[in-house]
Amino acid sequence: DKGGNVHVPVGKISFTPDQIVENARSVIEAVVKARPSSVKGAFIESCTLTATMSPPVRLDIREFVATA
């Protein structure tokens with residue numbers, strides 16, 4: 001969106017936790033790989049996982065940022 005947020009569904013209620021983790025990991029890796037070389041500083045500032053009408057869970061993305 002205009003604020004630089006990326007909204008991507010990574011699963012459904014019928015998915016197992018492992019499937020959701022795998023999908024979320026794939027999305028984060030795709031965003032990290034899409035980083036333009038001209039970008040300076042932090043490309044991903046934070047990552048939050050949430051379901052409709054539920055509280056968000058902030059994800060630890062250090063393993064992805066370290067490889068970027």
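Aspartate 1 counts as exposed, because its relative accessibility comes to 55% and the cut-off for that label is over 50%. The structure here is a predicted model, so everything that follows is read from computed coordinates. Aspartate 1 sits in the segment that comes before helix 1. Its partner in a simple distance check is lysine 33: the two are 32 residues apart in sequence, and their C-alpha atoms lie 19 Å apart in space. Helix 1 itself covers residues 17–33.

Next come the pockets, starting with the largest one. The largest pocket holds about 1000 Å³ of space. A set of 30 residues lines it, and those found nearest its centre are Val6, Val8, Cys47, Thr48 and Leu49. Sorted by class, the lining of this pocket is made up of 19 nonpolar, 9 polar and 2 charged residues. As for where the lining comes from, helix 1 and strand 1, a stretch covering 48–49, each put in at least two residues. Helix 1 gives the most, with 5 residues.

The second largest pocket has about 170 Å³ of space. Its lining takes in Ile20, Val21, Ala24, Arg25 and Ile28, along with Leu49, Leu59, Asp60, Glu63 and Phe64. Here, too, helix 1 has a hand in things: helix 1 and helix 2, which runs over 62–67, each supply at least two lining residues. The largest share, 5 residues, comes from helix 1. By class, this lining breaks down into 7 nonpolar and 3 charged residues, with no polar ones. Leu49 thus turns up in the lining of the second largest pocket as well as among the residues nearest the centre of the largest pocket.

That leaves the charged contacts. Side chains of opposite charge can pair when their charged atoms come close. How many salt bridges does a search of the whole structure find? The search turns up 1. It joins aspartate 60 to arginine 62, with 2.8 Å between the closest N and O atoms. That spacing fits the criterion, because a salt bridge calls for a side-chain nitrogen of Lys or Arg within 4 Å of a carboxyl oxygen of Asp or Glu. Aspartate 60 is also one of the residues lining the second largest pocket. Arginine 62, for its part, counts as exposed, because its relative accessibility is 63% and the label needs over 50%.

Key
Residues are numbered from 1 along each chain as its sequence is written. This is a predicted model: local features need pLDDT of at least 70, side-chain atom pairs count only at pLDDT 80 or more; totals for chains, interfaces and linings use all residues. Side-chain values use heavy atoms; hydrogens and water are left out. On a 1 Å grid over the protein atoms alone, a cavity is a set of points where a 1.4 Å probe fits but cannot get out, and a pocket is an open set with protein on both sides within 12 Å along at least five of seven lines; lining residues have an atom within 4 Å of a point. Grid points are joined across faces, edges and corners, and a volume is the space filled by probe spheres set on the points. Helices (H or I, at least four residues) and strands (E, at least two) are DSSP runs, numbered from the N terminus. Ala, Val, Leu, Ile, Met, Phe, Trp, Tyr, Cys and Pro count as nonpolar, Asp, Glu, Lys and Arg as charged, and the others, Gly among them, as polar. Buried means under 20% relative accessible area, exposed over 50%, partly exposed in between (1.4 Å probe, protein chains only).
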